[in-house]
Amino acid sequence: LMVNNNVRGNQSVYNSVIDAAIKSDDPYAAENWYTKMKNNNISGNAVTYNSLITAWAKHGHLQRAEYWLNEMKQHKHCMPDIVTYNAILDACAKACDVPRAEYRMCEVEKLSSIIPNAITYNTLMDACSGAGNPQRAEHWLNEMSNNDIKPNVISYSTLLSSYVKAN
């Protein structure tokens, strides 16, 4: 409708359309809208990139999620935040890729601007659980406590699940 009426969208409009595509479970359409956004000389922001990363993470496509993380890092005006890294960790968890998840966690720990939260640790533990590695999951539960983040029901459920999956 906007195109037919020669109305130019802005960042908010494109982010809304990208979000709608994601809610429709269509990450390809979301990427197409991003391309249209870029072709109209409208830059993405953290919301744009986090949405694209989350869309691919939800589908377990770690490489595609990391592609969007790398795209995001190329823009000085929108740096990754904890939402970004939690989404990347979710993609790692769905791929059961513990080494990649721990690599991304090391990135987070090196960035003073990003503070891990319970979601971060729970998602990292979920990666360990999916890979059948309860010892690593327990390690991250301990790290969580050592960093003054209180484990919650999800933390303990994930740890318990990791032991069940290992046996």
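1. In which helix does Ser162 lie? Ser162 lies in helix H9, residues 153-166, where helices (H or I, at least four residues) and strands (E, at least two) are DSSP runs numbered from the N terminus. At 0% relative accessibility Ser162 counts as buried, because buried means under 20% relative accessible area, exposed over 50% and partly exposed in between, with a 1.4 Å probe and protein chains only. Leaving aside residues up to four places away in sequence, Ser162 touches Ser129, Pro134 and Ala137, contact meaning heavy atoms within 4.5 Å.

2. On provenance, this is a predicted model, in which local features need pLDDT of at least 70 and side-chain atom pairs count only at pLDDT 80 or more, while totals for chains, interfaces and linings use all residues. Residues are numbered from 1 along each chain as its sequence is written, and side-chain values use heavy atoms, with hydrogens and water left out.

3. As to the overall architecture, the chain holds nine helices and zero strands, so that, read from the N terminus on, its elements run α-α-α-α-α-α-α-α-α. The C-alpha trace spans about 60 × 30 × 25 Å along its principal axes. Buried residues make up 44% of the 167 residues in the chain, and of the contacts with a separation of 6 or more, 60% are accounted for by residues 24 or more positions apart.4. The largest nonpolar core, a nonpolar core being a set of buried Ala, Val, Leu, Ile, Met, Phe, Trp, Tyr and Cys residues joined through side-chain atoms within 4.5 Å, has 46 residues, of which Ile18, Tyr34, Ile53, Trp68 and Trp140 touch the most other members. The elements that give two or more residues to this core are helix H1 (11-23), helix H2 (27-39), helix H3 (46-58), helix H4 (62-73), H5, helix H6 (98-110), H7 and H8. The largest share, eight residues, comes from H5.

5. Ile18 deserves a separate entry, with Ser51 as one of its partners. Not counting residues up to four places away in sequence, Ile18 touches Ala30, Trp33, Tyr34, Met37, Thr48, Ser51 and Leu52. Ser51 is found in helix H3 and, at 14% relative accessibility, counts as buried. With the same sequence neighbours left out, Ser51 touches Ile18 and Ile22, while a polar atom of the Ser51 side chain lies 2.7 Å from the backbone oxygen of Val47.

6. Which side chain makes a polar contact with the side chain of Thr84? The partner is the side chain of Asp81, at 2.9 Å; a polar contact is a pair of N or O atoms within 3.5 Å, where within protein one must be able to donate a hydrogen and the other to accept it, and residues adjacent in sequence count only if both atoms are side-chain atoms. Thr84 lies in helix H5, residues 82-94, and is buried, with a relative accessible area of 0%. Beyond residues up to four places away in sequence, Thr84 touches Asn50, Ile53, Leu69 and Met72.

7. Two packed helices are described by the angle between their axes and the distance between the axes. For helix H7 (residues 118-130) and helix H8 (residues 134-146), the axes come within 8 Å and cross at roughly 170 degrees, the axes being lines fitted to C-alpha atoms, for helices over the stretch in contact, with angles that run from 0 to 180 degrees between N-to-C directions. H7 and H8 are therefore roughly antiparallel to each other, since angles over 145 degrees count as roughly antiparallel, under 35 as roughly parallel, 65 to 115 as roughly perpendicular and the rest as oblique. The contact is made by Ala118, Tyr121, Asn122, Leu124, Met125 and Cys128 of H7 and by Arg136, Ala137, Trp140, Leu141, Glu143 and Met144 of H8. These residues divide into nine nonpolar, one polar and two charged, where Ala, Val, Leu, Ile, Met, Phe, Trp, Tyr, Cys and Pro count as nonpolar, Asp, Glu, Lys and Arg as charged, and the others, Gly among them, as polar.

8. Backbone torsions in two loops may be checked against the coordinates. Phi of Asp25 is near 65 degrees, a positive value in a residue other than glycine; Asp25 is found in the loop between H1 and H2 and, at 43% relative accessibility, counts as partly exposed. Phi of Cys96 is near 55 degrees, again a positive value in a residue other than glycine, and Cys96 has its place in the loop between H5 and H6, where, at 35% relative accessibility, Cys96 counts as partly exposed.

9. Two C-alpha distances complete the note. Val13, which lies in helix H1 and counts as partly exposed at 30% relative accessibility, is 109 residues from Asn122 along the chain, with 33 Å between their C-alpha atoms. Ser51 and Ser155 are 104 residues apart in sequence and 25 Å apart in space, C-alpha to C-alpha.
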